[in-house]
Amino acid sequence: TTPRGKLVSCPTVNDGRLHYLEVLDGIHRRLRPRTYVEIGVEHGPSLRLALPGTRTVGIDPAPAIRWPVPRSTRIFALESDDFFARNRLADVFDGATTDMAFIDGMHLFEFALRDFTNVERSCWRGSIVLLHDCLPIDEVRAARVRTTNVWSGDVWKLILLLRKHRPDLSIVTLDAPPTGLGLITNLDPSSRVLTDGYDEIVAEYASLPYASVANDKNDQLAVMPSDWAHIDPRLPPAFRRTNPTLLRAGRALRWPTREQVRRSIPAPLRDALRRVPGVGG
């Protein structure tokens with residue numbers, strides 16, 4: 001990379017938008033975090049994007065890793081609530097703060113809210129938190145009860161409540177297929193707003209209908225294009241220096257090809273994705 005993120009070419013989806021895995025890959029390469037935590041590991045296609053030298057923690061109640069991940073990765077087979085009840089990330093990282101986090105756990109906003117508050121406690125002002133599934137496709141896929149293969153749940157409510165109750169945060173939603181990627185910076189580990197007001201906040205948003213954002217998603221969810229011209233200026237400086245040769249080698253070993261990603265998705269879900277307007281292709 002050049003000093004301000006002139007990234008090597010990164011493939012895009014058919015309509016020019018970067019897929020959320022491609023965005024994650026680019027951010028890893030651009031920021032080179034010293035520590036990284038991922039909530040919701042499943043098969044590991046995103047966890048494997050961590051580069052050599054990044055201390056990585058994965059949290060998932062039933063991890064089923066299909067991708068090679070760095071040997072130094074620690075995976076905790078726990079629900080995130082249980083993990084944070086038993087552990088402090090600062091202890092897991094031997095006193096280090098969390099540079100980067102990716103939240104992709106249970107697709108209900110109150111779970112994502114707890115994950116965010118727990119992760120933020122271990123962050124510092126320069127950290128970055130990424131949130132999956134926060135740009136709903138339609139009402140059915142944005143519902144609290146899953147009835148479709150492609151399901152983002154009501155994680156989108158977390159963007160709304162953070163913008164209202166935590167205006168100190170810098171928040172945008174990238175239109176990265178299939179269901180968006182939130183990008184949150186300017187973290188404040190000392191904030192108690194969300195924990196102290198948790199019950200009231202959950203009650204405020206629990207019954208909020210999808211119709212409240214359906215016709216105004218771009219504005220209410222602070223949506224912006226998932227391309228590097230828009231993403232890069234919102235990123236903090238790189239966390240560490242890395243030998244360019246090692247960086248390229250690490251990426252070549254860990255980045256799944258488009259065909260590998262497709263093969264990792266169960267066939268019924270693959271077929272369903274192809275039929276969703278704006279996602280398939």
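Before the first result, one definition: a helix axis here is a line fitted to C-alpha atoms, over the stretch in contact, and the angle between two axes runs from 0 to 180 degrees between N-to-C directions. What I am showing is a predicted model.

Now the two helices I want to talk about. Helix H4 covers residues 109-120 and helix H5 covers residues 156-165. Their axes come within 8 Å and cross at roughly 55 degrees. How do we name a crossing like that? Angles of 65 to 115 degrees count as roughly perpendicular, and those under 35 as roughly parallel. The crossing falls in neither class, so H4 is oblique to H5. As for its hand, the crossing of H4 and H5 is right-handed.

Which residues make the contact? From H4 they are Phe109, Ala112, Leu113 and Phe116. From H5 they are Lys157, Leu158, Leu161 and Leu162. Sorted by class, seven of the residues in this contact are nonpolar, none is polar and one is charged.

Please keep Lys157 in mind, as it is on the H5 side of that contact. Lys157 also forms a salt bridge with Asp154, where the closest N and O atoms are 3.1 Å apart. Are these two residues buried or exposed? Both Asp154 and Lys157 are buried.

That brings me to the other salt bridges. The count for the model comes to eleven. One of them joins the side chains of Arg88 and Asp91, at 2.8 Å from N to O. Asp91 has 49% relative accessibility and therefore counts as partly exposed, since exposed means over 50%.

Another joins Asp196 and Arg192, with 3.6 Å from N to O. Here Asp196 has a relative accessibility of 55%, so Asp196 counts as exposed. Its partner Arg192 has a relative accessible area of 46%, which means that Arg192 is partly exposed. There is also a network: Glu120, Arg166 and Asp168 are joined by salt bridges that share partners.

Last, the chain as a whole. How many helices and strands does the chain have? There are 13 helices and eight strands. The chain has 281 residues, and 54% of them count as buried. For contacts, take those between residues at least 6 apart in sequence. Of these, 68% join residues at least 24 apart.

To go back to where we started: H4 and H5 cross at roughly 55 degrees, and Lys157 takes part in their contact as well as in a salt bridge with Asp154. That is the end of my part.

How values were computed: Residues are numbered from 1 along each chain as its sequence is written. This is a predicted model: local features need pLDDT of at least 70, side-chain atom pairs count only at pLDDT 80 or more; totals for chains, interfaces and linings use all residues. Side-chain values use heavy atoms; hydrogens and water are left out. Helices (H or I, at least four residues) and strands (E, at least two) are DSSP runs, numbered from the N terminus. Angles under 35 degrees count as roughly parallel, over 145 as roughly antiparallel, 65 to 115 as roughly perpendicular and the rest as oblique. A crossing is left-handed if the near helix is turned anticlockwise from the far one by less than a right angle, and right-handed if clockwise. Contact means heavy atoms within 4.5 Å. Ala, Val, Leu, Ile, Met, Phe, Trp, Tyr, Cys and Pro count as nonpolar, Asp, Glu, Lys and Arg as charged, and the others, Gly among them, as polar. A salt bridge is a side-chain nitrogen of Lys or Arg within 4 Å of a carboxyl oxygen of Asp or Glu. Buried means under 20% relative accessible area, exposed over 50%, partly exposed in between (1.4 Å probe, protein chains only).
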